[in-house]
Amino acid sequence: MALGEFERIDRFFVPLARGAEGAFGLTDDAALLPDAPQGSAWVVTVDALVSGVHFLPDDAPDLIARKALRVNLSDLAAMGAVPYGYTLALALPRDLPDPEGWLSRFAEGLRHDQDEFGVHLLGGDSVSTPGPVTLSVTAFGSVARGREIRRSGARVGDDLWVSGTVGDSALGLKVLTSVIDPDESGDPQLIDRYRLPQPRIRLGPGLVGLATAALDVSDGLVQDSGHLAHRSGAAVRIEAGAVPLSPAAHRRVDSQPALLHDALTGGDDYELLFTAPLSARKGVVEAAAAVDVMVTRIGSVEAGQGVRVVGPDGQVLSGLKRGGWSHF
Ligand SMILES: [Mg+2]
């Protein structure tokens with residue numbers, strides 16, 4: 001027999017709140033946030049995910065849970081914040097087969113990432129829906145007061161940096177949805193990047209005081225560069241040849257050069273895109289090395305507006321249709 005709502009909460013979610021100060025074991029109407037660490041302010045962010053839009057309907061419940069948590073942790077990292085905890089709202093289809101089995105695997109995914117990233121469940125709600133699986137995570141973190149990294153701080157002359165590699169997730173989704181043919185040698189890595197982002201939660205706080213502006217790449221490198229440029233009242237120049245690709249993405253792009261467009265505009269990278277003055281180059285490299293994350297200088301901030309993507313021989317890449325960079 002199916003469990004009632006309270007039994008579900010007890011079995012699957014109360015264990016995830018254990019150890020969270022102010023969560024009261026999910027027994028009250030709301031949770032309390034403790035004082036932010038000395039000299040810090042709370043940072044809060046929310047992201048909703050819908051089956052068929054942000055993940056594939058047959059993705060495993062534990063991976064869905066982890067992706068929902070991680071995209072929020074990525075937003076905290078982009079602000080330079082250290083994660084603390086999260087709340088969760090979950091809507092499950094009324095006709096979901098074996099909801100307890102689904103919830104059990106979903107909670108296992110949360111447990112895994114709570115341990116990995118040092119966060120706790122603070123509260124939540126679950127409902128049933130006539131629609132697809134839908135979930136929303138609200139994440140809380142803290143940053144030294146007044147030192148949060150905004151999108152608006154980039155200055156003309158700053159370097160443009162990105163962490164990790166770009167494009168794996170977009171290419172992985174193309175494999176998963178059979179838009180491009182599978183290639184056994186490198187594709188598992190691309191697919192993993194789509195299913196399970198790696199939020200840069202240690203790099204973000206390490207960039208406080210170094211980066212002038214930052215965001216996490218969710219819409220696509222080019223589009224998100226546009227957001228940063230717009231908020232900062234400047235232009236961004238990206239050297240396409242400098243953008244770091246993984247070996248698997250490189251292989252794909254070498255055999256099908258048009259895929260470079262997808263890599264640069266596809267999104268779901270959850271890498272940090274940030275700017276810093278030339279005087280901070282050494283500091284940025286050291287901060288990244290300290291947390292074992294690769295960072296690459298891929299361009300600069302210029303006077304003007306919008307984004308210019310420059311090819312290896314100096315020509316401005318433009319004229320592509322939707323999904324490309326023509327809208328800049
Ligand atoms: Mg973001």
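Visitor: Are α4 and α5 roughly parallel or roughly perpendicular to each other?
Guide: In this predicted model, helix α4 (residues 168-176) and α5 pack at an angle of about 105 degrees, with their axes 7 Å apart. Angles of 65 to 115 degrees count as roughly perpendicular. The two helices, α4 and α5, are therefore roughly perpendicular.

Visitor: How many nonpolar residues does the contact of α4 with α5 have?
Guide: On the α4 side, the residues include Leu171, Leu173, Val175 and Leu176, and on the α5 side they include Leu190, Ile191 and Tyr194. The contact also has three polar and four charged residues. Its count of nonpolar residues is seven.

Visitor: At what angle do helix α5 and helix α8 pack?
Guide: Helix α5 covers residues 187-195 and helix α8 covers residues 247-255, and their axes are 8 Å apart. The two are roughly perpendicular to each other. Their packing angle is about 110 degrees.

Visitor: Is the crossing of α5 and α8 left-handed or right-handed?
Guide: Asp187, Gln189 and Leu190 in α5 meet Ala248, Ala249 and Arg252 in α8. By class, this contact has three nonpolar, one polar and two charged residues. The crossing of α5 and α8 is left-handed.

Visitor: Which residue of α8 is in contact with Asp187?
Guide: Asp187 lies in helix α5, and at 4% relative accessibility it counts as buried. Leaving aside neighbours within four places in sequence, Asp187 is in contact with Val175, Asp181, Pro182 and one further residue. That further residue is among those of α8 that meet α5, and it is Arg252.

Visitor: Which residues coordinate the magnesium ion?
Guide: One of them lies in helix α2 (residues 61-78) and the other in strand β6 (residues 213-216), so the pair ties together parts that are 141 residues apart in sequence. Both residues are buried. The OD atoms coordinate the ion at 2.0 Å, and the residues are Asp75 and Asp216.

Visitor: Is Asn72 buried or exposed?
Guide: Asn72 is in helix α2. Not counting residues up to four places away in sequence, Asn72 touches Thr45, Val46, Asp47, Val137 and Ala139. Buried means under 20% relative accessible area. Asn72 has 0% relative accessibility, so it counts as buried.

Visitor: How far apart in space are the C-alpha atoms of Pro197 and Asp292?
Guide: Pro197 is in the loop between α5 and α6 (203-206), and at 1% relative accessibility it counts as buried. Its contacts, leaving aside neighbours within four places in sequence, are Lys67, Arg70, Val71 and Tyr270. Along the sequence, Pro197 and Asp292 are 95 residues apart. In space, C-alpha to C-alpha, the separation is 16 Å.

Visitor: What is the phi of Leu26?
Guide: Leu26 is in the loop between α1 (5-17) and β1 (40-50). Most residues other than glycine have a negative phi. Leu26 is not a glycine, yet its phi is positive, near 60 degrees.

Visitor: Which residue in the loop between α9 and β8 has a positive phi although it is not a glycine?
Guide: The loop runs between α9 (259-265) and β8 (272-276). The phi of the residue in question is about 65 degrees. The residue is Asp268.

Note on methods:
Residues numbered from 1 in each chain as written. Predicted model: local features only at pLDDT ≥ 70, side-chain atom pairs only at ≥ 80, totals over all residues. Heavy atoms only, no water. Axes fitted to C-alpha atoms, helices over the stretch in contact; angles between N-to-C directions. Helix = DSSP H or I, 4+ residues; strand = E, 2+ residues; numbered from the N terminus. Parallel < 35°, antiparallel > 145°, perpendicular 65-115°, else oblique. Left-handed = near helix turned anticlockwise from the far one by under 90°. Contact = heavy atoms within 4.5 Å. Nonpolar A, V, L, I, M, F, W, Y, C, P; charged D, E, K, R; others polar. Donors = N, O, S within 2.8 Å, 3.2 Å for Na, K, Ca; no water. Buried < 20%, exposed > 50% of the residue type's maximum accessible area, 1.4 Å probe, protein only.
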